[in-house]
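Hi,

Here is the structure I promised to pass on. Have a look at it first, and then read my notes below.

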Amino acid sequence: MADKETSLTATEVEVLQRLPMRDLSTIEASTRLVELISGEPGKMKRPVFTYVIPASRRRKQDPTGFYPGEYPVEDIGMAEDTDSFVYQANFKRLALSLKAGWNLIGRNQETISYVKERLQQIEVAQGQTTRDLLAEVMANLLRYHNCYIIKARDIKRSGGRIRLVGRKKIKPVAGYFVASPDTMTIKIGEDNRPIAYKHTMPDGRYQVFEPDDVVHFFVYKKSHFVMGTPSWTPVLDDVRALRRIEEHIENLVYQHIYPLFQYTVGTKETPMKRFQDGLTEVDIVKTKIRNMPTDGMIVVPERHDIKAIGSESRAIRAEPYLSHFKSRVITGTGLSAIDFGEGETANRSTADTMSKLGVDNVKFYQQALADTFNFRVIRELLLESTFGLDVLSPENNVELKFSEVDLEAQIKKQNHFALLYQMNIITETEARNEMGFEAMSEEQREERYSELVSQKEASHNAEIANTQLEMQVAAQENAAARNTQQPSNQHGTATGPAKKKSFRDATSLGYYDTLAQQLRKLKADDAFSISYVGQLFRVTSGLIKGHMKRVIDTSMTSGLQGLPVNGDTFEQVRLFKQRLYSEMEDSVEGLFQEASRETTAELMRSLPLTSIDSLRYRAKFIERTVAHKAKIAGKFALFKTNNVLRVRVIAKPGGEDYDVWHNLVIDVNSVNLEELPPFHPNCRCDIVPEQINE
């Protein structure tokens with residue numbers, strides 16, 4: 001039992017005075033707030049009843065006053081030990097729930113470090129890691145939908161401080177120990193809240209704990225019940241039925257695995273003969289069969305007949321019943337047949353969908369565990385700290401957060417919050433917390449890529465860019481001077497040779513030509529494999545992606561003209577590049593996958609290879625659009641980091657969008673990259689500074 005409510009001795013008051021708190025005089029004034037927010041039970045009378053009669057009114061029927069709960073959970077534990085479906089369902093969900101790990105998140109790195117330090121102290125004191133503790137709690141939640149952890153309080157083995165609630169002193173927590181729900185009973189008080197917990201072992205040993213020393217984790221608890229409803233309660237009958245059917249099938253196999261042979265002697269026309277010594281043909285056959293070796297054989301005349309007697313399809317067919325109850329059991333586990341290795345009728349899309357149902361199921365358990373752990377464990381650790389009442393503010397809050405178990409969903413989620421952060425919708429700490437990371441410390445901030453590499457590159461690139469700009473200005477001045485001395489029309493203007501394709505175009509066209517050449521060779525040989533065709537397209541797709549990345553780099557650099565380039569500019573350019581890279585790669589990947597399918601169909605049907613020409617045209621179309629978008633992005637980054645407040649859109653004269661977009665003024669700080677040209681694939685609109693904040 002925890003310490004009773006007693007008056008403090010002079011020594012205890014002296015110890016409390018030495019604790020690094022704000023002001024000892026504020027303890028009594030803040031007691032009610034601490035009691036309310038710390039979530040300690042029994043502080044407020046429940047206005048509604050539970051189905052359990054308070055212990056003071058049940059003494060005639062039950063002198064102990066302890067209630068075992070609404071559901072017997074012993075059968076679930078025995079079923080897990082004897083049935084593979086129950087065991088594997090619990091084990092697979094447990095492994096799935098913990099495979100991605102967990103983290104402590106919050107806004108204040110100091111409180112996060114404190115909670116981590118306390119958990120490390122608790123690990124040493126209790127002889128169990130926090131991960132093992134959470135795994136044990138999660139296993140009980142999956143198994144019983146209930147779990148209890150008992151707090152061990154010891155000031156000598158804990159880094160927390162003694163708390164005062166009223167005149168009651170509460171020692172800090174030194175360890176947490178899991179108790180199975182089949183060993184716990186509850187006593188309900190007049191306030192309809194638990195007033196005591198009793199931990200009883202099968203051999204009769206027991207111990208009673210105060211409610212402050214017990215944390216009850218539960219999932220799916222019905223109103224007015226004192227414990228959660230186990231998910232296995234409605235499934236156990238189906239498990240028993242399935243096992244009974246399997247047992248009957250086993251008996252059926254045992255009975256009919258060895259056939260019964262019927263030996264017929266004689267026919268209607270020539271019945272069995274009886275000899276002079278009294279023996280019959282049947283007696284002679286019996287003797288021969290009895291003396292025949294195990295692997296021997298017997299030869300009979302036409303009057304003898306041997307026939308094997310079995311079930312001959314007259315026995316009941318148990319497969320439909322077996323399949324029905326197996327489906328009921330699998331449905332009751334919350335998983336799918338795919339998770340149990342049965343996927344003969346499911347394709348990849350169906351398998352992913354069915355497995356995702358199990359993932360969503362596990363996430364619910366993770367959230368239930370995290371909510372109780374945050375409210376009943378981490379909150380108390382913070383209240384035992386030396387931060388005072390500031391631990392109750394949102395800035396100092398610390399929470400347990402499980403990492404995303406679905407890798408694809410995690411990548412999409414992280415990209416989403418990274419984009420929200422880049423658009424200045426959320427803060428860095430909020431973005432990191434949503435991604436499952438704790439707040440970044442100053443030491444971690446100094447080790448970021450942008451600090452170690454990007455800043456140096458930005459400074460170096462800024463120097464190069466400024467030098468290039470100076471050289472361009474000097475070249476323009478020299479060209480103007482030469483034109484003044486010798487105008488271009490003084491001796492006529494010679495017509496130059498036809499414009500050659502750039503090295504960039506020649507390189508990309510070479511990729512398509514090589515791909516087309518390989519495909520035509522496959523068609524000519526009339527021997528190809530679908531996997532090899534897909535491999536050709538994947539290789540070319542990778543080359544085109546690399547080529548377009550270089551196009552984006554070159555085009556974006558060409559947009560950095562007219563204004564000074566600084567480190568912030570290059571950081572903004574880097575972010576824009578990553579977004580354009582991602583958009584381009586998605587477009588190219590989808591384009592090449594579609595072309596691969598169409599080309600495979602053409603090869604299989606011996607049709608002309610027209611898909612490669614369409615691919616070349618559509619890919620160059622994407623390249624032109626991406627190049628223009630990159631140039632506009634470079635300009636936008638330059639304007640944004642040089643205090644340009646507004647930009648004006650300059651449309652191509654005579655274009656179909658001239659009247660719509662020309663001279664449109666855009667606020668730089670209120671738009672993002674998607675709201676800038678190109679507005680459509682053939683758009684050639686440009687942007688120029690409209691207003692610069694000096």
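Phe636 has a relative accessibility of 1%, so this residue counts as buried, the cut-off being under 20%. Keep in mind that we are dealing with a predicted model.

Phe636 has a partner, Phe576, and their ring centres are 5.9 Å apart with the planes at 20°; that makes the pair stacked, since planes under 30 degrees apart count as such. Phe576 is buried as well, because its relative accessibility is 3%. What does this pair tie together? Phe576 belongs to helix α17 and Phe636 to helix α18 (residues 611–640), so the two rings link parts that are 60 residues apart in sequence. The count of aromatic pairs in the model comes to 7.

Now to helix α17 (residues 567–605) and helix α16 (residues 530–558): their axes come within 8 Å and cross at roughly 150°. Angles over 145 degrees count as roughly antiparallel, so that is how α16 and α17 run relative to each other. Their crossing is right-handed. As for what the contact of α16 with α17 is made of, its residues split into 17 nonpolar, 6 polar and 6 charged.

You may also like to look at two spots where a charge meets a ring. The charged end of Lys549 is placed over the ring of Tyr581, 5.2 Å from the centre. Elsewhere in the sequence, Lys198 lies over the face of Tyr206, with 4.4 Å to the ring centre.

Cheers

How values were computed
Residues numbered from 1 in each chain as written. Predicted model: local features only at pLDDT ≥ 70, side-chain atom pairs only at ≥ 80, totals over all residues. Heavy atoms only, no water. Axes fitted to C-alpha atoms, helices over the stretch in contact; angles between N-to-C directions. Helix = DSSP H or I, 4+ residues; strand = E, 2+ residues; numbered from the N terminus. Parallel < 35°, antiparallel > 145°, perpendicular 65-115°, else oblique. Left-handed = near helix turned anticlockwise from the far one by under 90°. Nonpolar A, V, L, I, M, F, W, Y, C, P; charged D, E, K, R; others polar. Phe/Tyr/Trp six-rings, centres within 6.5 Å; stacked < 30°, edge-to-face > 60°. Buried < 20%, exposed > 50% of the residue type's maximum accessible area, 1.4 Å probe, protein only. Lys NZ or Arg CZ within 6 Å of the ring centre and 35° of its normal.
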